[in-house]
Amino acid sequence: MTIGVLALQGSYNEHISALRRLGVKGVEIKKPGQLDNISALIIPGGESTTMAKLAEYHNLFPALREFVKMGKPVWGTCAGLIFLADKAIGQKEGGQELVGGLDCTVHRNFFGSQIQSFEVDLSVPELSAQEGGLPSFRGVFIRAPAIVEAGPGVEVLAACPVSLKTTSSKSDADTQEVESLPEQKVIVAVKQGNLLGTAFHPELTGDTRWHSYFLKMLAKENEPAPTTLAAVEGGVDLTAGQTPEIEMPIYQ
């Protein structure tokens, strides 16, 4: 199987590396015709407005929408989640074009600016049940969106405490005050049919379970997907129930 990764801007190289650790070939997608040669597509994180302008320049939107309508698996991370949403709010003046397909409303930059980026352990029961490993996943949120509304056909896979979005920019006294408030959560990972969306960046961690989960969505296409988390080329087997020490890459 060959997985395409939209390679206009953002963390597409990190996704290709994660796929390689699972023994799967990932290829860069930059032109509409290249979509004909792949089994599934990942739309990576990056700067969503810039990605949308480049996609429009290369006339990719019609082909991307057709790819989604064909029912092939598509996964959007961070900016990619915004692309897949049927509706986006909190956009820059003039908005941006969307691919659509996910029956949800995404708030762009819900968690704030770049300096308010953070990491947090997310409860992921569905992911853990299917892929094994820890019951949590270390979510890396970089100027991240969030899903503020989801339709009845959308399965929620992970949610994040809203209070966390303020802790990185407050003083110790303010943080203590925020954490004393009743905890509320916002949706950060969903699945609808063959569409998967995460507001965080699994590709920036050493945990390949989300990539493995996505690959198994190819079952409807009658293609075999990896059944183990044992990664190749120096990766880490996460089935042992231990979180590996990972030096995070610099993301700009």
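Contact here means heavy atoms within 4.5 Å. With that in hand, the packing inside this predicted model is simple to follow. The protein chain has 252 residues, and buried ones make up 49% of them. Its secondary structure comes to 8 helices and 12 strands. Taking the contacts with a separation of 6 or more, 70% are between residues 24 or more positions apart. About 11,500 Å² of the protein chain is exposed, with carbon and sulfur atoms supplying 47% of that area.

Helix α2 (48-57) makes a handy starting point. Its buried residues are Ser48, Thr49, Met51, Ala52 and Ala55. They cover an arc of only 160° around the axis, so they sit on the same side of α2. The face turned away from that buried side carries Lys53 and Tyr57, which are exposed. As for neighbours, the buried residues of α2 pack against β3, α3 and α4. The two ends of the helix have details of their own. At the start of α2, a side-chain oxygen of glutamate 47 comes to within 3.1 Å of the backbone nitrogen of threonine 49. Just after α2, asparagine 59 has a positive phi of about 55°. Glutamate 47 turns up again among the charged residues: Glu47, Arg108 and Arg143 are linked in a network of salt bridges.

Next comes helix α3, which spans residues 61-69 and has Phe61, Leu64, Phe67 and Val68 as its buried residues. Looking down the axis of α3, these residues fall within an arc of 120°, and so they line one face of the helix. That buried set packs against quite a list of elements: β3 (40-43), α2 (48-57), β4 (74-77), α4 (79-84) and β12 (195-198). After α3 comes glycine 71, whose phi is positive, near 85°.

Strand β3 appears in the packing lists of both helices, α2 and α3. Side chains in a regular strand alternate between the two faces of the sheet. In β3, both faces are covered, with Ala40 and Ile42 buried on one side and Leu41 and Ile43 buried on the other. The strand also has paired neighbours. Strand β1 (residues 2-6) runs parallel to β3, and 3 bridges join the two. Within that pairing, isoleucine 3 has alanine 40 of β3 as its bridge partner. Strands β3 and β4 likewise pair in the parallel sense, over 3 bridges. There, isoleucine 43 stands opposite glycine 76 in β4.

Salt bridges add another set of links, and the count comes to 8. One of them joins the side chains of arginine 65 and glutamate 97, at 2.8 Å from N to O. Arginine 65 belongs to helix α3 while glutamate 97 lies in the loop between β5 (85-89) and β6 (102-107), so the pair ties together parts that are 32 residues apart in sequence. Arginine 65 counts as partly exposed because its relative accessibility is 25%. Glutamate 97 is partly exposed too, with a relative accessible area of 31%.

Another salt bridge brings together the side chains of arginine 138 and aspartate 121, at 3.4 Å from N to O. This pair links distant parts of the chain, with arginine 138 in strand β8 (residues 136-141), aspartate 121 in strand β7 (residues 118-123), and their positions 17 residues apart in sequence. At 38% relative accessibility, arginine 138 is partly exposed. Aspartate 121 has a relative accessible area of 48%, so it also counts as partly exposed.

The salt bridge between aspartate 207 and arginine 209 has its closest N and O atoms 2.9 Å apart. Here, both aspartate 207 and arginine 209 are buried.

One more acidic residue rounds out the picture. Glutamate 131 is found in helix α5 (residues 125-131). Its relative accessibility is 7%, so glutamate 131 counts as buried, the cut-off being under 20%. A polar atom of its side chain lies 3.5 Å from the backbone nitrogen of tyrosine 213.

How values were computed: Residues numbered from 1 in each chain as written. Predicted model: local features only at pLDDT ≥ 70, side-chain atom pairs only at ≥ 80, totals over all residues. Heavy atoms only, no water. Buried < 20%, exposed > 50% of the residue type's maximum accessible area, 1.4 Å probe, protein only. Helix = DSSP H or I, 4+ residues; strand = E, 2+ residues; numbered from the N terminus. Arc of directions from axis to C-beta. Polar contact = N/O pair within 3.5 Å; in protein donor to acceptor, adjacent residues only side chain to side chain. Salt bridge = Lys/Arg side-chain N within 4 Å of Asp/Glu carboxyl O. Areas by Shrake-Rupley, 256 points an atom, 1.4 Å probe, with all protein chains shown as cover. Pairing = 2+ DSSP bridges.
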